Amino acid sequence: MDRDELNLFVAAELARLQRNFDSNVRNKLSGKRRRRRLLKALGGCCKMCGSTRDLTVDHINGRNYCVRKLSSHMRVTRYLREYEAGVPLQALCRSCHGKLEQARRRNARQTVPF
Ligand SMILES: [Zn+2]
């Protein structure tokens, strides 16, 4: 590889990195924007305490998949599709969401299956 070839190689590598970076940033931004849009559609504040900070999306009737396995980007995509399909969702702040999940787990334990 001579000097010119090396320069071309470096320029191509830099362009590739820049493209990847741009697309990552774009995906992140649009994910954030879509999340904001969804939370706004759900009232823009916590259904339990009215807080507008640290909002999360709660599935009122529960959900049958593990959100931890989804990237934040896939998560918001899924929530938006569910919202559009009429799945009952609500906005809750992180603290109320935690309390509600705890209460749900307690109730689930008390329910006798037979
Ligand atoms: Zn709250």
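The largest nonpolar core here is a set of ten residues: C46, L55, V57, V76, Y79, L89, A91, L92, C93 and C96. Strand 1 (55-59), helix 2 (72-84) and strand 2 (89-93) are the elements that each give two or more residues to this core. Strand 2 supplies the largest share, with four residues. Keep in mind that this is a predicted model, with a mean pLDDT of 89 for the protein chain.

**The chain as a whole**

- Three helices and two strands make up the secondary structure of the protein chain.
- Starting at the N terminus, the elements come in the order α-β-α-β-α.
- The radius of gyration is 21 Å, well over the 13 Å that the globule rule gives for 114 residues, so the protein chain is more spread out than a compact globule.
- Along its principal axes, the C-alpha trace spans about 75 × 35 × 25 Å.
- Just 11% of the 114 residues count as buried.
- If you take the contacts with a separation of 6 or more, 80% of them are between residues 24 or more positions apart.

**How confident the prediction is**

- As for coverage, 95% of the residues in the protein chain reach a pLDDT of 70 or more.
- Among the elements, strand 2 has the highest mean pLDDT, at 97, while helix 1 has the lowest, at 86.
- A general reading tip: where pLDDT is low, don't read the predicted coordinates in detail.

**The two strands and the core**

- Strand 1 and strand 2 pair up in the antiparallel sense, over five bridges.
- In that pairing, H59 sits opposite L89 of strand 2, and L89 is also one of the core residues.
- Four of the five residues of strand 2 are buried, so this strand is largely enclosed by the rest of the structure.
- V57, another core member, touches L38, Y79, L89 and A91, leaving aside residues up to four places away in sequence.
- As a bit of background, nonpolar side chains in soluble globular proteins tend to be buried together.

**Helix 2 and what follows**

- The 13 residues of helix 2 should span 18 Å at 1.5 Å a residue, and the end C-alpha atoms are indeed 18 Å apart, so the two agree.
- M74 is found in helix 2, and it counts as exposed because it has 12 C-beta neighbours inside 10 Å.
- M74 and G31 are 43 residues apart in sequence, yet their C-alpha atoms are 8.6 Å apart in space.
- After helix 2 comes G86, which has a positive phi, near 90 degrees.
- P88 belongs to the loop between helix 2 and strand 2.
- With 10 C-beta neighbours inside 10 Å, P88 counts as exposed.
- Not counting residues up to four places away in sequence, P88 touches I60 and N61.
- For a sense of scale, P88 and A12 are 76 residues apart along the chain, and 48 Å separates their C-alpha atoms.

**The loop between helix 1 and strand 1**

- D54 lies in the loop between helix 1 (3-41) and strand 1.
- D54 isn't a glycine, but its phi is positive all the same, at about 55 degrees.
- D54 counts as exposed because it has 12 C-beta neighbours inside 10 Å.
- M48 has its place in the loop between helix 1 and strand 1 too.
- M48 is partly exposed, as 16 other C-beta atoms lie within 10 Å.
- Setting aside residues up to four places away in sequence, M48 touches L92 and C96, and both of those are core residues.
- M48 and E84 are 36 residues apart in sequence and 23 Å apart in space, going from C-alpha to C-alpha.

Notes
Residues are numbered from 1 along each chain as its sequence is written. A nonpolar core is a set of buried Ala, Val, Leu, Ile, Met, Phe, Trp, Tyr and Cys residues joined through C-beta atoms within 7 Å. A residue is buried if 20 or more other C-beta atoms lie within 10 Å of its own, exposed if 12 or fewer, and partly exposed in between; C-beta atoms are placed from the backbone. Two residues are in contact if their C-beta atoms, placed from the backbone, lie within 7 Å. The expected span of a helix is 1.5 Å times one less than its number of residues. pLDDT is the predictor's confidence in each residue, from 0 to 100. The radius of gyration is taken over C-alpha atoms; the globule rule is 2.2 Å times the number of residues to the power 0.38. Two strands pair if DSSP finds at least two bridges between them.
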